[in-house]
Amino acid sequence: MNRRNFMLTSLGMASLPLWARSLPKTPNPTEMLLGMGELPLYKESIPLAKKAGKAFEKMQKAAKKEGIVLEIVSGYRSYDRQKAIWNRKYKANEAAGLSPEENIKKIIEYSTLPGTSRHHWGTEADIIDGSKPKVGDVLVAEKFHELGPYVPLKKWMDLHAHKYGFYLPYTQQPGRKGFYYEPWHYSYAPLSVSLLKSYTSLNLNEVLITEDLEGSASLNSEFISTYYEEHILGIAPELKNF
Ligand SMILES: [Zn+2]
């Protein structure tokens, strides 16, 4: 036995070749839907699943010809990242005196329960026009309307995004429940429609609640079932066409 093999054996890892030990564990389909595990991304500036990233890049090139710079401010987001966002908001609302019920209601105006974000799938992108100066919060609906800086972007996307497979889930459609209107959030339908279909077969009561999630005592099965109907399924009809 040479020295290197001896060292591996003594560490109990001799059965795996070196390269295999450095690979991330391949997540199973349920873990992928929940944002757990490593999703291979298209490129750093386009942090989306490969097929969605390729389609986005095509759309980006077409928009550029019209002077619009499509920039992704948020693409793929992991379960852990979403949990950190959730816990931070929960603690801030708690410090401001909100009851657990009020707190959760406030968070889910715009933010998701970890494990339920469409951003976990690598098919969703929050998009702005990178050619405009960034002043304060960029993801606010007013900036996409009237005299806002992202009006030309919105007009272009309204006309062309669907040709590349991108749709808004959180529209202004009357009667739509769930998350508030998000004119910046686009979903790549050729992948996300079937992912949502798979998602509907998960038992959310089993997979969502963990001990280190703030407010988890108030997340009972009644809450989860309303959240599922209104927030997860409260999206544009084109995106639940299965
Ligand atoms: Zn988003």
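Begin by selecting the four strands that form an open sheet in this predicted model, where the order is 3-4-6-5 and the pairing is antiparallel. Colour strand 3 (70-74) and strand 5 (166-167) separately, since these are the edge strands, each of which pairs on one side only. Next, show strand 5 together with strand 6 (residues 185-188): the two run antiparallel and are joined by two bridges. To see one of the pairs, select Tyr-167, whose bridge partner in strand 6 is Ser-187.

Now add the helices that pack on this sheet. Helix 4 (residues 50-64) touches strand 3, strand 4 (124-129), strand 5 and strand 6, and its direction makes about 140 degrees with that of strand 3. Helix 8 (residues 189-199) also packs on the sheet, touching strand 5 and strand 6, with its direction at about 80 degrees to that of strand 6.

Stay with helix 8 and display its side chains. Ala-189, Leu-191, Ser-192, Leu-195, Leu-196 and Tyr-199 are buried there; viewed down the axis of helix 8, the buried residues fall within an arc of 160 degrees, so they line one face of the helix. In an α-helix there are 3.6 residues a turn, so residues three or four places apart point the same way. Turn the view to the face directed away from that buried side, and you will find the exposed residues Ser-194 and Lys-197. Then select what covers the buried residues of helix 8, which includes helix 3 (29-33), strand 2 (46-49), helix 4, strand 5 and strand 6.

The next selection is the largest nonpolar core, which has 40 residues and in which Leu-48 and Met-59 have the most contacts. At least two residues of this core come from each of strand 2, helix 4, strand 3, strand 4, helix 7 (151-160), strand 5, strand 6 and helix 8. Centre the view on Leu-48 and, leaving aside its neighbours within four places in sequence, show the residues in contact with it: Leu-41, Tyr-42, Gly-53, Phe-56, Gly-75, Tyr-76, Gly-122, Thr-123 and Ala-125. Apart from the largest core lies another, of eight residues, and Trp-86, Ile-104, Ile-107 and Tyr-227 are among them.

Finish by colouring the protein chain by pLDDT, for which the mean is 90, with 89% of the residues reaching 70 or more. Residues 1-13 deserve a separate selection: the pLDDT is below 50 over this stretch, which has six contacts in the model beyond near neighbours in sequence.

Definitions and conventions. Residues are numbered from 1 along each chain as its sequence is written. Two strands pair if DSSP finds at least two bridges between them. Two residues are in contact if their C-beta atoms, placed from the backbone, lie within 7 Å. Axes are lines fitted to C-alpha atoms, for helices over the stretch in contact, and angles run from 0 to 180 degrees between N-to-C directions. A residue is buried if 20 or more other C-beta atoms lie within 10 Å of its own, exposed if 12 or fewer, and partly exposed in between; C-beta atoms are placed from the backbone. The arc is that of the directions from the helix axis to the C-beta atoms. pLDDT is the predictor's confidence in each residue, from 0 to 100. A nonpolar core is a set of buried Ala, Val, Leu, Ile, Met, Phe, Trp, Tyr and Cys residues joined through C-beta atoms within 7 Å.
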